[in-house]
Amino acid sequence: MGWASSTAATSVKTQYEAVIGLETHCQLSTNTKIFSSSSTEFGNAPNTNIDPICMGMPGVLPVLNQKVLEYAVKAGLALNCEIAPYSKFDRKQYFYPDLPKNYQISQFDLPIATNGSIEIELVDETGNSTRKKIGITRLHMEEDAGKLVHGGSDRLSGSTYSMVDYNRAGVPLIEIVSEPDLRTGAEAAEYGQELRRIVRYIGVGDGNMQEGSLRCDVNISVRPVGRKEFGTKVEIKNMNSFNAIERAIDYEIERQIQAIENGETIIQETRLWDENKQCTFSMRIKEGASDYRYFPEPDLPPIEVSADQLHDWKAQLPELPAEKRYRYETQLGLSPYDARVLTDDKAVAEYFEKSIAAGAVAKGAANWVMGDITAYLKNEKLAIAQIPFQPQDLAELLGLIDAGTISGKIAKDILPELLANGGSPQKLVESKGLIQISDTGAIDRAIDAVLAANPKELEQYRAGKTKLLGFFVGKVMKETGGRADPKLTNELLAAKLNSPA
């Protein structure tokens, strides 16, 4: 959304809104390519994951990988799409050096899935959430192209030579096209993140943008608020992070508004995002659908999905991120922020839920998973599934705190050892002699020792410098090796400090 002055002679301002849609390519996590048996493994030596089919050799015939169809249908179901009982493949005349056949096998007028939607949730700085439904126009299957590597420059312009790696040619993709329901860069970034959560949850893709497994192209135009007609659409290609998507959209909105206000004509084109300069720049005039000259793929039969098969695949879908967020908020009493963080990664959500099943209180478990455990994982560069500290161990640790056996500080102190080595928190506490002191006599003796050793601070406290309470609490905790019950220590210490000298 943006504002701009309409003329220099008046104070009337025109309010503009952006109309944004995303085309998202998601690589499917199959072991082999969409129409051949070559590996899809990432990172292999260039031009080793190839075969006559993906290289477009004469006389070869493609055969659809059944897993690709299964994953595409499951993704369509997860996006609330209508699954076509009958669909087909088409040839798209897409001439590029990294596409060996000089055409791409895709889907045009009869895609596998249409008319879907997902719900995105934006949480502001105060923790309040706003939900919005974003329409999905279509989801279709297609093959990926190869990869060009330009020598002497990171782009074709300015390079002295180019090399091609065909490993990616024929890797299975689904393309997900949204309705133009997005209005801001923040909404578009959250939409992309929700798509990635979904494909990861259902296990059809890893969504690793740094490996090209998830790629987003943004279509954006602006128009005065209240006008029904869309403005001229501009495409921004090859977004490599959600943060870049948000910044590129925000820049492009202001660029287009400024151009309109200056009387310039917005042309339909493809632009790229320059991360260093934080701006978009023109790449080429955008092609239309007629330029691709689609026609039915003659080497592949039509696809039919039976009602029984559809039912079986739908039954295999897990609880999806939006469903988890809603359940965490309504049944577990978590805030929208907590629910969003915990459900971002399926493995983290499963860890959290298993700790609750083992007896942990939801809010307590959420705090430890999002706080100390997540910090440890980031520092050690580990996934939550890689640590030996199991969900039932977390529940046991929290139970020790709730029972007063140990303090929260002691729990934090021993957590790194538990995360690194696993094992029972109860046994570790016992072996280290860390069981919390709740005996009033023992704490009283420690307090007396601290007061006797710090007469100057005691005099200052009784003279009105009550902020020294924290000083005395720290001394008592040190005297007891951190084992004194904090609540009981505060009560007994306050009583002695405030009693007549």
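Modeller: A contact means heavy atoms within 4.5 Å. This is a predicted model, in which local features need pLDDT of at least 70 and side-chain atom pairs count only at pLDDT 80 or more, while totals for chains, interfaces and linings use all residues. Residues are numbered from 1 along each chain as its sequence is written, and side-chain values use heavy atoms, with hydrogens and water left out.

Colleague: Of the contacts with a separation of 6 or more, what percentage is due to residues 24 or more positions apart?

Modeller: The count takes in contacts in the protein with a separation of 6 or more. Residues 24 or more positions apart account for a share of 68%.

Colleague: What is the radius of gyration of the protein?

Modeller: The protein has 16 helices (DSSP runs of H or I, at least four residues) and 17 strands (E, at least two). For 501 residues the globule rule (2.2 Å times the number of residues to the power 0.38, with the radius taken over C-alpha atoms) gives 23 Å. The protein is more spread out than a compact globule, because its value is well over that, at 30 Å.

Colleague: Is glutamate 143 buried or exposed?

Modeller: Glutamate 143 lies in strand β8, residues 129-143. Its relative accessibility is 4%, and the cut-off for burial is under 20% (1.4 Å probe, protein chains only). Glutamate 143 therefore counts as buried.

Colleague: Which residue shares a side-chain polar contact with glutamate 143?

Modeller: Beyond four places away in sequence, glutamate 143 touches residues including Ile34, Phe35, Tyr103 and Val171. A polar contact (a donor and an acceptor, N or O, within 3.5 Å; sequence neighbours count only through side-chain atoms) of 2.7 Å joins its side chain to that of lysine 101.

Methods. Buried means under 20% relative accessible area, exposed over 50%, partly exposed in between (1.4 Å probe, protein chains only).
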